[in-house]
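Please examine the structure shown below together with its sequence. The paragraphs that follow lead from a single residue to the aromatic rings and then to a pocket.

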Amino acid sequence: MLDSTCFQCRAVSYEFVLVGGSFAVRRTDSMQGAARLHETPRVRRKVAEDWWRALYFGAAQ
């Protein structure tokens with residue numbers, strides 16, 4: 001994991017991860033008990049960094 005939002009104080013958290021040489025943004029949703037994971041496609045670092053920055057600063061669509 002390269003960066004993350006707070007997973008202890010929120011039901012939904014995000015992680016910026018390195019997976020097998022590619023990068024992704026992972027969303028963990030714990031709102032209904034069992035954690036459900038969702039992950040973006042694995043991409044080059046620059047693309048994933050742009051996604052992460054947009055998400056982190058509230059500009060993601």
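Setting aside residues up to four places away in sequence, serine 4 touches Tyr14, Glu15 and Trp52. The model in which these contacts appear is predicted. Serine 4 belongs to strand E1, which covers residues 3-4. Although serine 4 and tryptophan 52 are 48 residues apart along the chain, their C-alpha atoms are separated by 9.4 Å. Is serine 4 buried, exposed or partly exposed? Its relative accessibility is 25%, and serine 4 therefore counts as partly exposed, since the buried class is reserved for values under 20% and the exposed class for those over 50%.

Tryptophan 52 also leads to the aromatic rings. The structure holds four aromatic pairs. In one of them, phenylalanine 16 and tryptophan 52 are stacked, with 6.0 Å centre to centre and 15 degrees between the planes. This pair joins distant parts of the chain, as phenylalanine 16 lies in strand E2 (residues 12-19) and tryptophan 52 in helix H1, 36 residues apart. Both phenylalanine 16 and tryptophan 52 are buried. Ring pairs further connect Phe16, Phe23, Trp52, Tyr56 and Phe57 into a cluster.

Helix H1 also takes part in a pocket. The largest pocket encloses about 160 Å³ of space. It is lined by 13 residues, of which Val25, Thr40, Trp51, Leu55 and Ala60 are the closest to its centre. Strand E3 (22-29), strand E4 (36-39) and helix H1 (45-56) are the elements that each give two or more residues to this lining. The largest share, four residues, comes from H1. By class, the lining comprises seven nonpolar, three polar and three charged residues.

Notes
Residues are numbered from 1 along each chain as its sequence is written. This is a predicted model: local features need pLDDT of at least 70, side-chain atom pairs count only at pLDDT 80 or more; totals for chains, interfaces and linings use all residues. Side-chain values use heavy atoms; hydrogens and water are left out. On a 1 Å grid over the protein atoms alone, a cavity is a set of points where a 1.4 Å probe fits but cannot get out, and a pocket is an open set with protein on both sides within 12 Å along at least five of seven lines; lining residues have an atom within 4 Å of a point. Grid points are joined across faces, edges and corners, and a volume is the space filled by probe spheres set on the points. Ala, Val, Leu, Ile, Met, Phe, Trp, Tyr, Cys and Pro count as nonpolar, Asp, Glu, Lys and Arg as charged, and the others, Gly among them, as polar. Buried means under 20% relative accessible area, exposed over 50%, partly exposed in between (1.4 Å probe, protein chains only). Contact means heavy atoms within 4.5 Å. Rings of Phe, Tyr and Trp (its six-membered ring) pair if their centres lie within 6.5 Å; planes under 30 degrees apart count as stacked, over 60 as edge-to-face and the rest as tilted.
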